[in-house]
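Here are my notes on the model, point by point. Please read them with the structure open.

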Amino acid sequence: MKLETKCIHSGTVPDEQTGGINTPIYTSSAFRYIDDGKQSYPRYFNTPNQEAVIGKLCALEGAEDGIVFSSGMAAISTALFGFLQSGDHLVIQSELYGGTHALVTQQFPRFSIDYSFVDKSIEALEAAIGDKTRVIYIETPTNPLLGIVDIEKVVALARSYNIITIIDNTFASPINQNPLQFGIDVVIHSGTKYLGGHSDICCGAVLASEKLIEEVRVSGIDFGGSLNGTTCALLERSLKTLHLRVSRQSENGLIIARELEQNPKVDRVYYPGLQNHPGHEIAASQMQGFGGMLSFSLTATAPSVTEFMRNLSLIVPALSLGGIETTICAPALTSHRKMDRESRERIGVTDKLLRLSVGIEHPEDILKDIASALRT
Ligand SMILES: Cc1ncc(COP(=O)(O)O)c(C=O)c1O
């Protein structure tokens, strides 16, 4: 089946009793114990709605198994703590979601897990590998600068050292990038973003082989970040339109990136679909579309980012991303505010940077709002 069809049909468990074509919502947290070996319980990740939505996500990413969590961070922390223990070493990109950076820097020292934040080039990743390195963690495109990492090269490098690879695939979504096909071991999503897509649920997912998911499940049961049946059902419904939404967001993203490049108040546009983006060719080879996320920096003569956001009337300044409505944020004041200024500026997150999550509105309306807020 093609992705469009999988979005709609995979994983669904139709209602046998009534003939209803959707997976029913099972609200129970207690399930009658039947002596057939299966004990269903929300925190064991094996209730009917959890299994239905995992079935759909596995089909979309080409994974054997997976787990849905109550947030993207629950997925990331459970996977990392599932694979790493005291004395192990993690190699991780420095240019990535600020929350992941905070998790590693704030929590890992407490458990004596070593880590190296490095540039996303293959040379830098390889130089950081040591005897104790057990995991390489990447994010591509990166949040918020849309940097691109060559997935196949990372896989080849990790395999030569027998290291597990984890990718945060949130920005691309399974519609634009399927990292397991390139040999990545573990795919993570913040389902709060494109998978949910309507800015109304918080969830996350880890997808991998049955063997690796078993390792994550052990930590998952201990840490307890499970997702309830109603939110699983909302996620399952949202996934049915994932292809439609992300395709439109990718089309709009390219149109808006090209137009912003022409705006005299815009200094630089970061979008992997632009030919002048340093990762354009790699992105074109590993992504089906370039997505709806882009960033841009304002010139010195433009309004400040705060003033610009205040001037907007259609686009909503908001922390999250991936929704059907266009939202914007200033990463230095939001996702990366916990990072010190020097580390932030080293990776390009300046005070003039804005991150746009392009929705499914008409692109002309989005562009008009930006031009008017920039007073151009
Ligand atoms: C790329 C990326 N990964 C992970 C997360 C964390 O997800 P959540 O907020 O659902 O915990 C985010 C949140 O913004 C993100 O942008």
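1. A cut-off first. A residue counts as buried under 20% relative accessible area, as exposed over 50%, and as partly exposed in between. By that scale E345, at 37% relative accessibility, is partly exposed. Keep in mind that this is a predicted model.

2. The sheet. Five strands form an open sheet in the order β8-β9-β12-β11-β10. The pairing is mixed. Its edge strands are β8 (266-270) and β10 (316-317), and each of them pairs on one side only.

3. The β10 edge. β10 pairs with β11 (residues 327-329) in the parallel sense. Two bridges make up this pairing. To find the register, look at V316, which stands opposite T327 in β11.

4. A helix on the sheet. Helix α10 spans residues 242-262. It lies across three strands: β8, β9 (293-298) and β12 (353-357). Relative to β9, helix α10 runs at about 15°.

5. Salt bridges in general. How many salt bridges does the structure hold? There are 10. Three of them, all within helices, are taken up in points 6 to 8.

6. Helix α8. R217 and E214 form a salt bridge, with 3.1 Å from N to O. Both belong to helix α8 (residues 210-223) and sit three residues apart, so about one helical turn separates them. Is R217 buried or exposed? R217 counts as buried because its relative accessibility is 14%, under the 20% limit. Its partner E214 comes out at 40% and is therefore partly exposed.

7. Helix α13, E345 and R341. The closest N and O atoms of this salt bridge are 3.3 Å apart. The two residues are four apart in helix α13 (residues 341-346), which means a separation of about one helical turn. R341 has a relative accessible area of 46%, so R341 is partly exposed. E345 also counts as partly exposed, at 37%.

8. Helix α13, R346 and E342. Here the closest N and O atoms lie 3.7 Å apart. The spacing in helix α13 is again four residues, so about one helical turn lies between R346 and E342. R346 is exposed, with a relative accessible area of 61%. E342 is exposed too, at 57%.

9. A network. Which residues are linked with R341 and E345 in a network of salt bridges? They are R344 and D351. When you inspect the pair in point 7, view these four side chains together: R341, R344, E345 and D351.

Technical notes:
Residues are numbered from 1 along each chain as its sequence is written. This is a predicted model: local features need pLDDT of at least 70, side-chain atom pairs count only at pLDDT 80 or more; totals for chains, interfaces and linings use all residues. Side-chain values use heavy atoms; hydrogens and water are left out. Two strands pair if DSSP finds at least two bridges between them. Contact means heavy atoms within 4.5 Å. Axes are lines fitted to C-alpha atoms, for helices over the stretch in contact, and angles run from 0 to 180 degrees between N-to-C directions. Buried means under 20% relative accessible area, exposed over 50%, partly exposed in between (1.4 Å probe, protein chains only).
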